[in-house]
Amino acid sequence: MLSMMSSYRLHIATIFYAIFFFSSSIISPTTCSRIGSECLVHFKDGDFILGGIIPIYRTINQSCDGPIMERHGVPKVETMAYAVEMINRRSDILPNITLGYEIRNDCREEDTTLWTTLTLADPCGDKTFQRQCPLRSRFNNRDRESRTVVGIIGPGSSATSLFVARAAAIFEVPTIAYSASSDELSDINRFPYFVRTVPPDSLQARVIIDLLLRYDWKYIALYFSMDSYGSNGAEQVRKLAYDKGICIAINTPIPTVVVETEWDDIVFDLNTSSNISVAVVFSLSVPASAFIGAISKRNHTRRITFIGSDDLAGNNVIDTGAGSIVHGSLFVRVHSHPNHNFRQYWNRLEDSNIKTSPWYQEFTDYWKNRHNCSRMASCPFPPVSESTVINGVIAFAYALDATISKSCQRTPSSCNATLNGQILRDNLLNVSFQTDDGIFAFNANGETSGTYDIMNLQKHDGKYVFKEIGQWNEGGFFNFEDIQWGPAEGANNETPISVCRETCKPGFISVPLEKRCCFGCSSCPNDSIVINKTVCQKCPFKQWPNMNFTQCEPLMPDYLDWNESAIVIIILCSCMGIMLTMLVAVEFIINRERPLIKATSRELSTIIMCGLLLSFMTPFVIAAPPSYSSCKISEIFTAFSFLLIFGPTSLKVIRIFRIFRSGKKSASRLQLISPSDQICLLSGLVFCSGKYRWLMLS
């Protein structure tokens, strides 16, 4: 079975390599036109060789046509060389075995990366290299056939790592990437020989989302480069943003090559969206720098806070000349614990006799000129994140040591020729060793967890600099310091607001507007509370909303204070009315047989006086402390006092009107004018009015 698999791999490799040779004949004028870039090699012989693929120059339009790189480039090359020498000086790893390296430049360009990988990983790759780079000989007449590359460190980006992971797997050569973080590379089935010393972008996306949530930025723009790194990272941001209720109002890719006139369309939405104050940029540095530069050229004056992914936390953002635009922005960067031994080595390297890479002198001239310093020891240390490279070399050394000790007890030369890449890969996944940051180990997908630094672009003494203002791990943020927000000029240092939601007052709910992800306010009824700022809920009977309209509260009884002057006056007037009514009643009883009193209908007049007495007693009941009995009595007194006053009065008026109108026509006696008839009519009127009142109250 194993022989069949090996044969199958050999056939696949043959087909792939034939295609490569055909394509390389076409692309060779491009990839090798700059002999000083692609064909230069930093080489050290050894019993086993580690390959290195590190971008020295940027690629903008054509291979290696950009400037020298700071975060990768020469510092990474010298870091790998230092790590290999450190392993060779140790006696506990690979005893009596010398580790060598062959470091090449791919300029972050896919064709060059593929060509470099195949010439490193394929045992016959030397012939291809010598054919296209005939002026470069780095083997020193040694027997190359007995010393193949056992592993590769690099490359420097996710896009190029896809090519390396596929090509190296054909020849069973494990690869450790030191900065490729795309989630597309997490598939161990697609890329079985690929591992990395940096966390995947899914973790970086969590950092970005946590930053947005920390400052309540719920309405943002998202820009991403059109490559594996940007596309997959942006997809993770979109998924997490949707789960956390963050609206991505603008979702725009940044092409690698953009015509100047096309920038107007890309930047237009950001300029016209007044509610967007935060833009997430998940992109490689070159397209992101072009994007920020395009914003600056179009006289963009509105305050925008950018949240940049880890590839942007470098000086190339400042070099765009758009510092005032990016000032106050936040950048996520994988935390790398500084290796003090390497930094001392770096500062001494310029004056030592140690063999440096072919690009070292060019970089030192550039770096000293950039920072206006005479010696590298007095210049700032480059933003190299050296621990990711050093950990990769150490991991390879431990895995190689375990492979040799378990499956190869022969001499290094004979073991090199028969070294099993699959066993080396398995041992690599099981590596575990102590570092300054703790225990380093790979998980089942060949990845590591990590900590992220939060960088803030600040302005000090007229210069823009990156300052670390906090860190993040899976437990959240910590060590947060003061942030310097934009704009660059002025004293305003308030936290930006990036929402498209009107701030609703108590008693109002948020309602969606026509504009996507935007909300306005609508008032609730006075007897309703607001639930989750979106629903009006009516309070139950005998309850009323509180001052903030957040919950219903029982209606507390409120009654009149007998000590208030208005109540005292009303009570005195009521007492006087009762006394006068009683005096009139006494006089009425004494003179009840007089004709004048009889003519006024004594029965109805008596009822009227009872109504007056009841009305003067009503204020006492109303002013009493509230209770079920007092409330019912006050309703009865109020209703019946009016009925007993105005009902008889109305009947008396109607009776007199009928008598005078009938007297003009005839002398016959009218019906329903006797006292008993009047009492019956009044009783019916009172009953009907009371029944209607009861129905209304119920």
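## A walk through the two open sheets

All of strand S4 is hidden from the outside: 5 of the 5 residues of S4 are buried, so this strand is largely enclosed by the rest of the structure. The model described here is a predicted one, and strand S4 offers a convenient place to start exploring it.

Strand S4 covers residues 149-153 and belongs to an open sheet of 6 strands. Read across the sheet, the order is S1-S3-S2-S4-S5-S6, and the pairing is mixed. At the edges stand strand S1 (41-44) and strand S6 (194-196), each of which pairs on one side only. From one strand to the next, the twist averages 20°.

The two neighbours of S4 in this order are S2 and S5. On one side, S2 and S4 run parallel and are joined by 4 bridges; within this pairing, Gly-52 has Ile-153 of S4 as its bridge partner. With strand S5 (residues 175-177), strand S4 also pairs in the parallel sense, here over 2 bridges. Ile-153 appears again in this second pairing, where it stands opposite Ile-176 in S5. It helps to follow Ile-153 by eye, since this residue takes part in the pairing with Gly-52 and in the pairing with Ile-176.

Helices lie across this sheet too. Helix H3 (residues 73-89) crosses S1, strand S2 (48-53), strand S3 (99-104) and S4, and its direction makes about 175° with that of S3. Helix H15 (residues 386-407) lies across S2, S3, S4 and S5, running at about 155° to S4. Strand S4 is thus among the strands crossed by helix H3 and among those crossed by helix H15.

A second open sheet has 8 strands in the order S8-S7-S9-S10-S11-S14-S15-S16, again with mixed pairing. Its edges are formed by strand S8 (247-254) and strand S16 (476-478); each has a single partner strand, so one side of each is left without a neighbour in the sheet. In this sheet the twist averages 30° from one strand to the next.

Within the 8-stranded sheet, strand S7 (residues 219-225) and strand S9 (residues 278-282) run parallel and are joined by 4 bridges. One of the residues to look for is Tyr-223, whose bridge partner in S9 is Val-281. Helix H8 (residues 228-243) packs on the sheet and touches S7, S8 and S9, with a direction at about 160° to that of S7. Helix H7 (residues 201-214) lies across S7, S9, strand S10 (305-308), strand S11 (330-334), strand S14 (452-460), strand S15 (463-473) and S16. The angle between helix H7 and S9 is about 175°.

Further along the chain comes a hairpin. Strand S19 (residues 528-531) and strand S20 (residues 535-538) run antiparallel and are joined by 4 bridges. Ile-531 finds its bridge partner in S20 at Val-535. The hairpin has 3 residues between the strands, and Asn-532 takes a positive phi near 55°.

Ile-529 lies in strand S19 and, with a relative accessibility of 6%, counts as buried because this value is under 20%. Which residues surround Ile-529? Leaving aside residues up to four places away in sequence, Ile-529 touches Val-535, Cys-536, Gln-537, Cys-539, Pro-545, Phe-549, Thr-550, Gln-551 and Cys-552. Thr-550 is 21 residues from Ile-529 in sequence, yet the two C-alpha atoms are 5.4 Å apart in space.

The surface has its own features. Met-576, Leu-580 and Leu-583 make a nonpolar surface patch of about 340 Å². Leu-583 is found in helix H18 (residues 565-590). This leucine has a relative accessible area of 58%, and because that is over 50%, Leu-583 is exposed.

Finally, some totals put these details in context. The protein contains 22 helices and 22 strands, and buried residues make up 49% of its 698 residues. Among contacts between residues at least 6 apart in sequence, 67% join residues at least 24 apart. The accessible surface comes to about 34,800 Å², of which 57% belongs to carbon and sulfur atoms.

Terms used: Residues numbered from 1 in each chain as written. Predicted model: local features only at pLDDT ≥ 70, side-chain atom pairs only at ≥ 80, totals over all residues. Heavy atoms only, no water. Pairing = 2+ DSSP bridges. Axes fitted to C-alpha atoms, helices over the stretch in contact; angles between N-to-C directions. Contact = heavy atoms within 4.5 Å. Patch = residues over 30% accessible without salt bridge, like charges linked within 9 Å, V, L, I, M, F, W, Y side chains within 5 Å. Areas by Shrake-Rupley, 256 points an atom, 1.4 Å probe, with all protein chains shown as cover. Salt bridge = Lys/Arg side-chain N within 4 Å of Asp/Glu carboxyl O. Buried < 20%, exposed > 50% of the residue type's maximum accessible area, 1.4 Å probe, protein only.
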